[in-house]
Amino acid sequence: MNRVTLKLAPGLPTLLSRAVVVFGALLCSLAMAQTAKKPAPSSQAVGPYKDFKGVIKLDIRDSKADWGPFTPKKAPAGAPTFSSSSTTTPVSPPGRRSAAG
Amino acid sequence: MPTLQKLADQGLMYTQWHTVALCSPTRSTLLTGRNHTLNGFASISEGANGFPGLSGRLPPQAATVAQILQDNGYSTFWLGKNHNVPEQEVAEGGDRKSWPLGWGFERFYGFLGGETNQWYPDLVEDNHFIEPPYKPEQGYHLSKDLADQAIKMIRDQKATNPSKPWFVYYNPGANHAPHHAPQEYIAKYKGKFDDGYEAYRTWVLARMIEKGVLPKGTKLTPINPMPKDMSNPADYVRPWDSLNADEKKLFSHMAEVWAGFSEYTDAQVGRVIDYLRESGQLDNTVVFYAADNGTSGEGTPNGSVNEDKFFNNYPDDLTENMKLIDKLGSPDTYGHFPTGWAVAFSTPYQMFKRYSQYSGGTDCPLVISWPKGIKARGEIRNQYHHSVDIVPTILDIAGVKMPKVYHGVEQFPLSGISMRYTFDAAPDAPTQKKRQFYAMLGTRGIWENGWKASAVHAAFLGKGKFDQDEWQLYHVDADRSESTDLAKQYPDKLAALKKRWFEEARINLALPLDDRNAMEQLGVERPSAEPKRDRYIYYPGTAPVPEGVAVSVRQRSFKILANVETTDADAGGVIFAHGSRLGGLLGLTPPCGSTGGPRCCRSPIQWSAP
């Protein structure tokens, strides 16, 4: 079968890294350096997200993300796939498995 | 903008209607009527992070207006921009629950990201990716296509269910970058911006006052209002008189392209309005014509003929850009004007898109037309309102309530209020809105009863230390452009507003604040539907693979291997393409017949990258 395979070699810089980047980078700045962290004075309730296990402070640098509540459920590894097919009328009458049967 | 003007002439123009200051977050409010952070959209989809207000995933506690209207007998159609789908689910094999058809829309035709090439858009129809129906050389432009599709959807509905009302959520790609427009529309604005952005601000302020959009005495604010230690260099405006002749020529033309893009899109919206009028539907159609944020300053101080350069930290070069000046707006470019025009088109306010603490980021045009339901014609409305108020207004007019429980999930209360009372109100009647909080990319503000507190902190500043921010105080009712800081005169007032901001932030899940630079925010590792892998296999005949789920070749070496079996000596063409003509790479094989017979098919694929 015709196909194209991309094999990544990690960690080796290349000019091709300039290729194509996501839309959102348009917002990018001549970023200024991140400065020293300081404990923030405020944390926050998390509304209905009772299973949120992260930490929320004023500054994201002092906070801890938890993707758990925002991650869609995955099917278990190796889960079977299904194909359900049904003709609109019987291919053969009930009880007759073949023309001869 | 003839269509916008016609609608304003037969309806109402709002002078203090505000947004969230960024597109994707504002759009979440237009869908749900809740503040952007309750919707999980403290930032754009691509900036999602693992916090309740920043998840980039609409929660089940925020049912959409489409779901509610659909349940109450409406057809629901969405055209154009989306930008509220998690990036990892913008994929043919991805979860569709966050796509429009999962949110109560019965039809969708548009693009899922924040922007797209207007000549060659990344289109989705309903739940699958499609190719554009024809090409630019045949007259294609996304704005035109969206108008055609909107008319078709409504006609199809009317053919079978003529008594059924509809809700159309119509979002052109304009005026977001890339600025793409037919040359005849660009030509209409030749020379209109030659005096530069400061001169434009002075001219348009007087015009806005004359038209009653701004009160007499409204003052212009500085073009670079942020203190040096709290400003972002990428948002700096170069004074017009500091530009050389080529820069002035280029920058002026970039504004012409943008204006042409605006008017062309407005003309296409006009075709939809004309259809509604001709088919007898306009009289009882409530039209909201608005924008989703202040003018964009993403062009940086110098603008670009190819925004992809900016995305990739590839410096723009004036000499190179000048070579493409006559191609601006065409498929050969992917342009964005410089920050000076962002300030000019946000006159008279401070700053622009992303700056939620100033009206330059949030104040947007809004026209509401409803010939059957609004008696006033061509009047102004000065009541302060916000994008969270649109859904409550629609539900109010439709006579439908947002349920307290939807599909078994207790709902967030609506953050906004109905604007319907303004239809019959006097232009200067008091607003019924009491408060609106703002937060975006480290910027913060709060408006309450005609006063506003604004934290002095640039978007993407990268410094943090929010607890040390200085705050300004403006009496917006008396100082529409937020030109005079009253913090020292009214310290108690400011303290009360700051306290209120924290209360609102808590209620609206707006913390933590994130002012890190875009690369840091966008580069956050997010859960993927697929386990990590170092080999990606792509097959012929499949839909294009979107960026968010494609193999990432950034900052690393890679090999591309192609198994190609040809049975025809004349076969040839593209085997693999990544990106576009504006940046990317391409692998192709020539027709065997053209280079000497079948053996050449074993020769290496040719690679090229612009």
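**Sheets, helices and a shared core in chain B**

In this predicted model, four strands of chain B line up as an open sheet in the order β13-β14-β15-β16, with antiparallel pairing. At the edges sit β13 (435-440) and β16 (471-475) of chain B, each of which pairs on one side only. Going from one strand to the next, the twist averages 10°. Helix α13 of chain B, made up of residues 491-507, packs on this sheet and touches β13, β14, β15 and β16 of chain B. The direction of α13 makes about 110° with that of β14(B). Inside the sheet, strand β14 (residues 443-448) and strand β15 (residues 451-455) of chain B run antiparallel and are joined by four bridges. One pairing to look for is Ile446(B), whose bridge partner in β15(B) is Ala453(B).

Chain B has a second open sheet to look at, this one with five strands in the order β5-β4-β3-β2-β6 and with mixed pairing. Here the edge strands are β5 (128-130) and β6 (166-171) of chain B, and each pairs on one side only. The twist in this sheet averages 15° from one strand to the next. Helix α4(B) packs on the sheet, where it touches β2 (75-81), β3 (107-111) and β6 of chain B. Its direction makes about 170° with that of β2(B). Over at β5(B), three bridges tie in strand β4 (residues 123-125) of chain B, and the two run antiparallel. Val124(B) has Phe129(B) as its bridge partner in β5(B).

The helix that packs on the five-stranded sheet has a helical partner too. The axes of α4 (residues 142-160) of chain B and α7(B) come within 9 Å and cross at roughly 10°. That crossing angle makes α4(B) roughly parallel to α7(B). On the α4(B) side, the contact is made by Ser143(B), Lys144(B), Leu146(B), Ala147(B), Ala150(B) and Ile151(B). From α7(B) come Tyr264(B), Thr265(B), Gln268(B), Val269(B), Arg271(B), Val272(B) and Tyr275(B).

Next comes strand β1 of chain B, residues 12-18, which is mostly covered: seven of its seven residues are buried. Several strands pair with β1(B). Five bridges join it to strand β8 (residues 363-369) of chain B, and these two run antiparallel. With strand β9 (residues 379-381) of chain B, β1(B) pairs in the parallel sense over three bridges. Strand β10 (residues 385-386) of chain B is also parallel to β1(B), joined to it by two bridges. Met13(B) is a handy residue to find here, as it stands opposite Val367(B) in β8(B) and also opposite Ile380(B) in β9(B). Trp17(B), for its part, stands opposite His385(B) in β10(B).

Trp17(B) also turns up in the surroundings of Ala290(B). Ala290(B) belongs to strand β7 (residues 287-290) of chain B. With 17 other C-beta atoms within 10 Å, Ala290(B) counts as partly exposed. Neighbours within four places in sequence aside, Ala290(B) is in contact with Trp17(B), Cys364(B), Pro365(B) and Leu366(B). By contrast, 29 Å separate the C-alpha atoms of Ala290(B) and Phe502(B), which are 212 residues apart along the chain.

On a broader scale, the domain assignment splits chain B into domain 1 (2-432), domain 2 (436-520) and domain 3 (529-608). The centres of domains 1 and 2 of chain B, taken over C-alpha atoms, are 24 Å apart. Between these two domains, 37 residues of domain 1 are in contact with 25 residues of domain 2. The largest nonpolar core has 128 residues, and Met254(B) and Trp341(B) touch the most other members. Helix α7 (residues 245-278) of chain B supplies the largest share of this core, with eleven residues. Because domain 1 and domain 2 of chain B both give residues to the core, it lies between them. Residues up to four places away in sequence aside, Trp341(B) touches Tyr197(B), Met254(B), Ala255(B) and Trp258(B).

Chain A can be described briefly. It has zero helices and one strand. Of its 101 residues, 23% count as buried. Among chain A contacts with a separation of 6 or more, residues 24 or more positions apart account for 6%.

Terms used: Residues are numbered from 1 along each chain as its sequence is written. Chains are lettered from A and ligands numbered from 1 in the order in which they are written. This is a predicted model: local features need pLDDT of at least 70, side-chain atom pairs count only at pLDDT 80 or more; totals for chains, interfaces and linings use all residues. A residue is buried if 20 or more other C-beta atoms lie within 10 Å of its own, exposed if 12 or fewer, and partly exposed in between; C-beta atoms are placed from the backbone. Two residues are in contact if their C-beta atoms, placed from the backbone, lie within 7 Å. A nonpolar core is a set of buried Ala, Val, Leu, Ile, Met, Phe, Trp, Tyr and Cys residues joined through C-beta atoms within 7 Å. Domain bounds come from an automatic or database domain assignment. Two strands pair if DSSP finds at least two bridges between them. Axes are lines fitted to C-alpha atoms, for helices over the stretch in contact, and angles run from 0 to 180 degrees between N-to-C directions. Angles under 35 degrees count as roughly parallel, over 145 as roughly antiparallel, 65 to 115 as roughly perpendicular and the rest as oblique.
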